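Visitor: I would like to go through this structure with a guide. I will ask what justifies each label.

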Amino acid sequence: MAMIAKRLGYSVVLLERGKHPRVVIGESSTPLANLLLEDLCRRYNLPAVAPLAKWGSWQRSYQQIGCGLKRGFTFYHHRLDEPDDRNAPYENQLLVAASPHDEIADTHWFRADFDSFLVEQARELGVAYLDEVKFDQVACRETGATLSGARNGTELSIDAKFLIDATGPRGLLHHALGLAESPLPHYPATQALYSHFSGVTRPARTGANETAPYPPEDAAVHHVFDDGWAWVLRFNNGITSAGVAATDELASHLRLDEGANAWHRLLGRIPSLRDQFASADAIQPFRHMPRLSFMSSRVVGERWALLPSAAGFVDPLLSNGFPLTLLGIERLSQILESGLDSPCLESALKEYERRTRDELLATSRLIAALYANMSNFRLFKALCLLYFAAASYSESARRLGKPHLASSFLLHDHPQFGLHGSELVERAMHVSQGAGAAQLIGDILKAIEPIDVAGLSRPNARSWYPVDATDLLESCSKLESTPEEIESLLQRCGFHQPQQHA
Ligand SMILES: Cc1cc2nc3c(=O)[nH]c(=O)nc-3n(C[C@H](O)[C@H](O)[C@H](O)COP(=O)(O)OP(=O)(O)OC[C@H]3O[C@@H](n4cnc5c(N)ncnc54)[C@H](O)[C@@H]3O)c2cc1C
């Protein structure tokens, strides 16, 4: 955001409470996040950042920045304390590929390296950067904001015409302006516990997974069980990020606030995870988050705005923190492009607030339904398809230069799919096992068909969804495009496997 504002001609100061490199969580990208990053780099002339939007270009340009290969989303279902059911391997997994090969694959961002690199780039562009700042007061007026505090024991005061808060949930403005929290309706109270590890082994690719659409560990791996789930994200520097998110009920059962002991208790209840972590060591202190979700009652003021990442957060289950934040950066950039003296500033900020909140609410409705159905994995998988169908449609529409077809995250305000999707998610909050669930799964597959460009609505006994160009070509009319337009898109975005050079 700071780099874009600088490119737009503003005088920019970037303020950080800590010091880079610093460890933060939130690592796994998605096709939509990478596409947004790519678009922003093109539009605002940020060529040094652009290679980070794909595994292949990242590896060629910046091998020193830690990165993980993410070919897709892997989900495994477990019953705590029970061995995995090897007789029904496909029942208990869902593999959704996000890319056809490694070159254009998504990534996990090793944030200590990644964020330091972004800050260095910002400084090179001329953004003033001050770290170890501590602000006690923020005064917002009609014409700007003043931050008062200290840096290294010296008083510091900064006047700005506009203040963008990128300090995460319950961050700077939340405290300084005493902003209230908004409840996320029907969302369960959840907690998280996580760390970074060395020595995590890679399970052998045998039996059921030998012919999977991508190596299942080169992905965001989700281990789902009643009332919670654990993530495993592997980086190329020997470090693995892993953690657990759980409802308050399970979290208190596992005593997540006890950190390492709780993590080992969880591993003890999932044999395949326990094996993977048998020789692992935590290389960061465990961090317990007693409350994971958050939404601010306000997102903008006269001369300030929260980035979506400061306005709210739901859960890492669908890796949607980055795409939501990048959508917000895209919108705020357009507001800055129009100028801070524009007569439309106030209404543009209000619209930004509306969209940010609506997208958070739509995300929280879907993730609440996923939490409600973690014990019913068939329905859980079908609900995930609502997300993957909307995400792949949005990505394709944007790549075709038709963003109007998919203007909202999860297509929540799409004229047909939006309403229908919300009704299905609402039903999923109340349906129990049995006939009602089977009917709902059928209805979900029917609902996604009109926007399905990735073969997700076809019956699929294995729950493996590879990326196949034919699916996109056959869906061209759904994207108001010709087969030629789709073929040219496939060429442009490097869909076809690149030639191997000696
Ligand atoms: C457990 C968990 C897992 C997640 N996993 C994913 C994922 O896999 N994929 C995904 O897309 N998203 C994920 N997210 C969301 C993701 O973390 C955020 O979207 C992302 O970190 C936002 O990046 P950011 O740099 O804007 O904010 P942050 O990473 O929150 O960084 C905020 C910065 O502001 C600084 N700061 C804080 N307070 C102040 C202050 N008062 N003054 C000055 N500086 C301050 C901090 O030191 C920090 O450097 C996850 C979130 C959580 C909690």
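Guide: Helices here are DSSP runs of H or I, at least four residues long, numbered from the N terminus. One such run is helix H13, residues 417-428, and Val425 sits in it. Note that the model is predicted.

Visitor: Why is Val425 called buried?

Guide: Buried means under 20% relative accessible area. Val425 has 9% relative accessibility, so Val425 counts as buried.

Visitor: What is Val425 in contact with, beyond its sequence neighbours?

Guide: Setting aside residues within four places in sequence, Val425 is in contact with Arg365, Leu366, Ala369 and Leu386. There is also a distance across the sequence: Val425 and Ile367 are 58 residues apart in the chain, and their C-alpha atoms are 9.2 Å apart.

Visitor: Which residues does Leu386 touch?

Guide: Leu386 touches Leu366, Phe417, Leu424, Val425, Ile444 and Ile448, with residues up to four places away not counted.

Visitor: What makes a group of residues a nonpolar core?

Guide: The members must be buried residues of the nonpolar kinds, joined through side-chain atoms within 4.5 Å. The largest nonpolar core has 132 residues, and Leu52, Phe75, Phe380 and Leu386 touch the most other members. Helix H12, residues 377-399, gives the most to this core: 14 residues. Apart from it lies another core of 24 residues, including Val221, Ala246, Leu250 and Ala251. In soluble globular proteins, nonpolar side chains tend to be buried together.

Visitor: Is Asn34 buried or exposed, and how do you know?

Guide: The limit for buried is under 20%. Asn34 has a relative accessible area of 2%, so Asn34 is buried. Asn34 lies in helix H2, residues 31-43. Its contacts, leaving aside neighbours within four places, are Ser29, Leu52, Ala53, Asp106, Thr107 and Trp109.

Visitor: Why are Asn152 and Glu480 called exposed?

Guide: Exposed means over 50%. Asn152 has 57% relative accessibility, so Asn152 counts as exposed. Glu480 has a relative accessible area of 53%, so Glu480 is exposed.

Visitor: What is notable about the backbone of Asn152 and Glu480?

Guide: Phi of Asn152 is near 50°, a positive value in a residue other than glycine. Glu480 is not a glycine either, and its phi is positive at about 50°. Asn152 is found in the loop between strand S8 (145-151) and strand S9 (154-160). Glu480 is in the loop between helix H15 (469-474) and helix H16 (483-492).

Visitor: Where is there a cis peptide bond?

Guide: A cis peptide bond joins His20 and Pro21, with omega about -5°. Pro21 lies in the loop between strand S1 (13-15) and H2.

Visitor: What makes the ligand's pairing with Arg22 a polar contact?

Guide: A polar contact needs N or O atoms within 3.5 Å. An oxygen atom of the ligand is 2.7 Å from an N or O atom in the side chain of Arg22, so the pair meets the limit of 3.5 Å. A nitrogen atom of the ligand is 3.0 Å from a polar backbone atom of Arg17. For Ile25, a polar backbone atom is 3.1 Å from an oxygen atom of the ligand. The protein covers 84% of the 1,000 Å² of accessible area that the ligand has on its own.

Visitor: Which residues come nearest to the ligand?

Guide: Of the 24 residues around the ligand, Glu16, Arg22, Ser28, Arg111 and Phe322 come nearest. The shell divides into eleven nonpolar, eight polar and five charged residues. Helix H10, residues 321-338, gives the most to this shell, with three residues.

Methods
Residues numbered from 1 in each chain as written. Predicted model: local features only at pLDDT ≥ 70, side-chain atom pairs only at ≥ 80, totals over all residues. Heavy atoms only, no water. Buried < 20%, exposed > 50% of the residue type's maximum accessible area, 1.4 Å probe, protein only. Helix = DSSP H or I, 4+ residues; strand = E, 2+ residues; numbered from the N terminus. Contact = heavy atoms within 4.5 Å. Near = heavy atom within 4 Å. Polar contact = N/O pair within 3.5 Å; in protein donor to acceptor, adjacent residues only side chain to side chain. Areas by Shrake-Rupley, 256 points an atom, 1.4 Å probe, with all protein chains shown as cover. Nonpolar A, V, L, I, M, F, W, Y, C, P; charged D, E, K, R; others polar.
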